[in-house]
Amino acid sequence: MKIVTAVAPVNIAVIKYWGKRDETLILPINDSISATLSLEHMCAKTSIVCSPDLTETKFWLNGELQPTDSKRFQNCLREIKKLVNPNLEYLSWNLSICSENNFPTAAGLASSAAGYACLVYALAKIYEINGNISSIARMGSGSACRSIFGGWVRWQMGNTTDGSDSLAVQIAPETHWPEMRVLVLVVNDKTKTYSSTSGMKTSVETSTLLKHRAANIVPQRTKEMITAIKNKDYKTFAKLTMQDSNQFHAVCLDTYPPCFYLNDTSRAIIELIHFYNQNKGETKVAYTFDAGPNACLYLLEKDVAEVIAMINYVFPPTSLKSDYFKGDTVPSKKLDEVSLK
Ligand code: PMV
């Protein structure tokens, strides 16, 4: 019997992936860039048991049994097995796979990215495979390929039809910009009603803005974002991040029928951030939203305490739930110390 346990991080895109050119291989229509979050507060954890005594392969996610005949699961398993030494005695043994996320699943918080990255990494460990497994993680969930690396990561869309050049590469390691922080504002932790898979399929079929974005906007924006990250140029990084999030949600609106991921609270957060930055006379915070209403704010460590105080003031806790605030300990700032004009 073999047992492996792995953990994998969440990544939050600052240049968004939205749209596939190949649905089966999960090949994107544009490059994307993300930061991988620390494993400390949000991660997926997967344990795999491989044993000759198991009568079938089973997969549990957050305690619920999942179908193992899904195309994505089967694709990941098949591609991993292609790399395994065929003489490995336990290649034919069944697996018992148990995966858990310590944050809301399928709520637009990159749970599938962490989940599939973790599954593929754990499978690679069970079968003793080395090398870049990001293109295999990609076949589980596109954005999962970026969670294979830490730091700042680019998913190169690639050009080949077999997808061999569509993989993630690290732009800069996690040590590169140590002052960078992410605040995740959970607006709604319910499973989203419109999955990113069906949303992006309809966008590819119907949105003319999506085609314009992929052909004319993302290539240049990707270059500018890489330069901003390498130079630790927060102002440019923040502007590009917010513009890209807004354009992605504009594409969702340009999709027919439209897919709405942002809600009134998300829009209030967007307005608040622009108001705050304007009042400060400089860009202090950048927002980005994936396929859900929850906000991810990128900001520098020195500004975290004040921004949290402001968020608490504008969106006060509705109950005294002890888990209202989780994460790194931040020195608390009183509201009157927050200089909002
Ligand atoms: O990998 P998926 O199918 O969960 O799609 C992710 C899409 C976005 O989160 C909206 C953007 C991104 O690049 O992560």
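This briefing walks through the ligand site, the cysteines, a buried arginine and one enclosed helix. The structure is a predicted model, so please read every distance and area below as computed from that prediction. In brief, the protein buries 93% of the ligand's own exposed area, the disulfide count is 0, and helix α8 is largely enclosed by the rest of the structure.

**The ligand and its shell**

- The ligand has 14 residues around it, and Y17, S141, S143, R146 and D290 come nearest.
- By character, this shell splits into 6 nonpolar, 5 polar and 3 charged residues.
- Two serine side chains offer polar contacts: an N or O atom of S143 sits 2.6 Å from a ligand oxygen, and one of S196 sits 3.5 Å from a ligand oxygen.
- D290 joins in as well, with a polar side-chain atom 3.4 Å from an oxygen atom of the ligand.
- Taken alone, the ligand would expose 380 Å², of which the protein buries 93%.

**Cysteines without disulfides**

- A disulfide here requires two cysteine sulfur atoms within 2.5 Å, and the count by this rule is 0.
- C118 has its closest cysteine sulfur in C43, but at 7.6 Å the pair is too far apart for a bond.
- For C145, the closest cysteine sulfur belongs to C76, and the 11 Å between them is likewise too far for a bond.
- C118 is buried, with 0% relative accessibility, and C145 is also buried at 0%.

**A buried arginine, R213**

- R213 is part of helix α5, which covers residues 208-230.
- Is R213 buried or exposed? R213 counts as buried because its relative accessible area is 1%, under the 20% cut-off.
- The R213 side chain reaches the backbone oxygen of K16 at a distance of 2.9 Å.
- Leaving aside residues up to four places away in sequence, R213 touches K16, N30, V218, P219, R221, D244, Q247 and V251.

**Helix α8, largely enclosed**

- Helix α8 spans residues 304-314, and 8 of its 11 residues are buried, so the rest of the structure largely encloses this helix.
- Which residues of α8 are buried? They are V304, A305, E306, V307, I308, A309, M310 and I311.
- These buried α8 residues pack against one helix segment, α7 (264-280), and against β12 (180-185), β13 (285-289) and β14 (295-300).
- As background for viewing any such helix, an α-helix has 3.6 residues a turn, so residues three or four places apart point the same way.

How values were computed:
Residues are numbered from 1 along each chain as its sequence is written. This is a predicted model: local features need pLDDT of at least 70, side-chain atom pairs count only at pLDDT 80 or more; totals for chains, interfaces and linings use all residues. Side-chain values use heavy atoms; hydrogens and water are left out. A residue is near a molecule or strand if one of its heavy atoms lies within 4 Å of it. A polar contact is a pair of N or O atoms within 3.5 Å; within protein, one must be able to donate a hydrogen and the other to accept it, and residues adjacent in sequence count only if both atoms are side-chain atoms. Accessible areas come from the Shrake-Rupley method with a 1.4 Å probe; for residues, only the protein chains shown count as cover. Ala, Val, Leu, Ile, Met, Phe, Trp, Tyr, Cys and Pro count as nonpolar, Asp, Glu, Lys and Arg as charged, and the others, Gly among them, as polar. Buried means under 20% relative accessible area, exposed over 50%, partly exposed in between (1.4 Å probe, protein chains only). Helices (H or I, at least four residues) and strands (E, at least two) are DSSP runs, numbered from the N terminus. Contact means heavy atoms within 4.5 Å.
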